[in-house]
Amino acid sequence: MDQKKEKEHRIVLTGTPVSPGAVVARVCIQDNPGLQWQEPDQVRFDPGREGEMRDAFYRAVFQAREELACLSGGAGSGCEVQGEIFAAQGEILEDEELLSRIGQAILEERLEPESAIRRVFAAYEALFCGMTDPLIAARVADLQDVKRRLLRICQGGEGQHILSLKEEVILVARDLLPSDMASLDRAHIKGIITEMGGTNSHTAILARSLQIPAISGIQGATLRIPQGILAALDAMSGEVILEPDEVQQARYRKMQEQFLARRREEARYLSRPGSTRDGKVMGMGINIGSGEVSVPGEQYDFVGLLRTEFLYMEHMAPPTEEEQYEVYRKVLRQAKGKTVTLRTLDIGGDKALPCLALPREENSFLGSRGLRLCLARPDIFQTQLRAALRASALGDLELLFPMVGSLEEIFQARACVRKAMEGLAAEGFSYNPHIRMGIMIEVPSIALVADLAAEEVDFASIGTNDLAQYVSAADRMNPGMGPYYQGYSPAMLRLLERIFSAFAARHKPVCVCGEMAGDPQGAVLLAGLGARKLSMDPASLAGVKAALARVSLEEAKNLAGRCLRLRIQEEILGELVGHESF
Ligand code: PEP
Ligand code: MG
């Protein structure tokens, strides 16, 4: 994704835009030593100091917990996403196994606390290494961040601020850990460029929530961009121009003004219900990947996707039924009567987790993933189903099965739910015996028989991220596959239209919960193709509601009709960009 070219006699670097906006400012390079530390030799202390060293380690843990508790409380940051990340980091420091392994290394091997911390954290990080799943990458960043905090405390260091700045800058770094982001000088950092990270990295998520334009994936940026140089950053296209001339500067500044004006306009729609200009209601759902609903109730209609993978990432053992039940109960309570669509564990293959010790597969994207894995591991599936069913007695919870490829899998999943219900009934637990069950449509083989699937399920949710990956046979995580991974291809549009009409004919609801639903142009196109429910990252709600409010349903249908007649994705994207409502 990284290319360098001469444009209008200026150097242009290209990366992945991860937080929209534009800015012109001087560059400040942040050399991030925390991420580049060489692991030094293991240092041992003299016999007889074991207790003293172990106590020093636990004091560091207590201090780190206190710091994280302070940060997760927001500490005036006003950033809820940040709070969630630090709460998750605090949980790492509650992990009994991790702490006792470090304690043992100190007591039994006489390793100094810093060496023991490095060794045990390195072992944990290695378990996640080589996995490209964004959620897992985020966990590695958390582990590194917690390790760095503990080491800093052991060395007697103060909490640091990333930089003290006097002027507005674009920050350029190899990568930024959550604590770097928390200490950002928001008054002066107007843009971010990183070498590492993608759309779903912590840096990206936090930059979006702080509304700082950001571009990731510019290889060697800290070496290739000179300190203090003037740069124009366009985080819509992913381009950075070094030493822009006056015309270019004026153009980027105008772009920035327009972007901010649009943001202000969109914010007016945030608390209104989703609907087209002519008042056709569009259900607005939110996707959440933690046990927190951090969005005010007036902004959304339902939780369209509760990704439950996070529960399996926090500890080295799979979550128990009781632990899961508590989390589902909390989400239902926070959703205050709104429907919560709980997606059962969507892991496996590339998304492997240490707590599940799954065998490595040659072609993991086509391997034992999602529902397939759950069917092969009834122990894990039954525990989750029992927890979810018990929670269903407390609120409007529905079950969503991921990575379904055939009707057989639907029948098998339903049989598993029946078995869990029988067990709970025999033990005297309450649950909703009529709980709605639906499927993710993200595998072409089920999309092509959407008419048959619609007869068998209560609802469906279209996962456009995976559907595009499997329709185009292009890895969604591989930046080199960008030109092949086509979310707006004619094939995708035809398939989507077919799914909407199959479900509409059977009066069964279908939602879209992939990234396309959170893209304003994608959302209008989906409405035109037949979508009436969309679920997205909460940060996308304002832009999508505003885009829908600018078109009538008839206009959206006409746009979709025109796109369906086009032959290649480029023409379709051109039609969308050129539409007067955008
Ligand atoms: C999808 O595939 O579109 C989806 C929503 O699921 P995930 O991104 O979690 O695979
Ligand atoms: Mg998916």
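# Briefing: cavity lining, magnesium site and ring contacts

By class, six nonpolar, one polar and two charged residues make up the lining of the second largest cavity. The model is predicted. The briefing starts with that cavity and moves on to the magnesium ion, the rings, the backbone and some long-range distances.

**Cavities**

- The count is two cavities of 30 Å³ or more.
- The second largest cavity holds about 40 Å³ of space.
- Its lining consists of Phe401, Ile410, Ala413, Arg414, Met437, Gly438, Ile439, Glu456 and Val457.
- Gly438 is the polar member, because glycine counts as polar in this classification.
- Arg414 and Glu456 are the charged members, because Arg and Glu both fall in the charged class.
- Helix 15 (407–426) supplies at least two of the lining residues, and strand 14 likewise supplies at least two.

**Magnesium site**

- Which residues coordinate the magnesium ion (ligand 2)? Glu442 does so through OE and Asp466 through OD, at 2.1 to 2.2 Å.
- The two residues link distant parts of the chain, 24 residues apart.
- Glu442 sits in the loop between strand 14 (437–441) and helix 16 (444–447).
- Asp466 belongs to helix 18 (residues 464–472).
- Glu442 has 2% relative accessibility, so it counts as buried.
- Asp466 has 3% relative accessibility and therefore also counts as buried.
- The accessibility values take in protein chains only.

**Aromatic pairs**

- The model has two aromatic pairs.
- One of them is Phe381 with Phe401, with ring centres 6.2 Å apart and planes at 70 degrees.
- The pair is edge-to-face, because an angle over 60 degrees falls in that class.
- Phe381 lies in helix 14 (residues 378–392) and Phe401 in strand 13 (residues 397–401), so the pair ties together parts 20 residues apart in sequence.
- Are these two rings buried or exposed? Phe381 is buried, with a relative accessible area of 1%. Phe401 is buried as well, at 3%.
- Phe401 has a second role in this briefing: it is one of the residues lining the second largest cavity.

**Charges over rings**

- Arg272 lies over the face of Tyr269, at 4.7 Å from the ring centre.
- Arg390 places its charged end over the ring of Tyr325, 4.1 Å from the centre.

**Positive phi outside glycine**

- Glu243 has phi near 50 degrees, a positive value in a residue other than glycine.
- The loop that holds Glu243 runs between strand 9 (239–242) and helix 10 (246–267).
- Glu243 has 47% relative accessibility and counts as partly exposed.
- Lys336 is not a glycine either, and its phi is positive at about 45 degrees.
- Lys336 is placed in the loop between helix 12 (321–335) and strand 12 (340–343).
- Lys336 counts as exposed, at 72% relative accessibility. The cut-off for exposed is over 50%, so Glu243 at 47% does not reach it.

**Distances across the fold**

- Leu98 is in helix 4 (residues 96–109). At 1% relative accessibility, Leu98 is buried. Its C-alpha atom is separated by 51 Å from that of His507, 409 residues apart along the chain.
- Val169 is part of strand 5 (residues 169–173). Val169 is buried, with a relative accessible area of 4%. From Val169 to Leu373, 204 residues apart along the chain, the C-alpha separation is 47 Å.
- Ala60 sits in helix 2 (residues 50–72). Its relative accessible area is 3%, so Ala60 is buried. Ala60 and Leu127 are 67 residues apart in sequence, and their C-alpha atoms are 24 Å apart in space.
- Ala182 lies in helix 7 (residues 178–182). Ala182 counts as partly exposed, at 26% relative accessibility. The C-alpha atoms of Ala182 and Gly83 are separated by 9.5 Å, with the two residues 99 apart along the chain.

Note on methods. Residues are numbered from 1 along each chain as its sequence is written. Chains are lettered from A and ligands numbered from 1 in the order in which they are written. This is a predicted model: local features need pLDDT of at least 70, side-chain atom pairs count only at pLDDT 80 or more; totals for chains, interfaces and linings use all residues. Side-chain values use heavy atoms; hydrogens and water are left out. Rings of Phe, Tyr and Trp (its six-membered ring) pair if their centres lie within 6.5 Å; planes under 30 degrees apart count as stacked, over 60 as edge-to-face and the rest as tilted. Helices (H or I, at least four residues) and strands (E, at least two) are DSSP runs, numbered from the N terminus. Buried means under 20% relative accessible area, exposed over 50%, partly exposed in between (1.4 Å probe, protein chains only). A charge sits over a ring if NZ of Lys or CZ of Arg is within 6 Å of the ring centre and within 35 degrees of the ring normal. Donors are N, O and S atoms within 2.8 Å of the metal (3.2 Å for Na, K and Ca); water is not among the atoms, so sites may look incomplete. On a 1 Å grid over the protein atoms alone, a cavity is a set of points where a 1.4 Å probe fits but cannot get out, and a pocket is an open set with protein on both sides within 12 Å along at least five of seven lines; lining residues have an atom within 4 Å of a point. Grid points are joined across faces, edges and corners, and a volume is the space filled by probe spheres set on the points.
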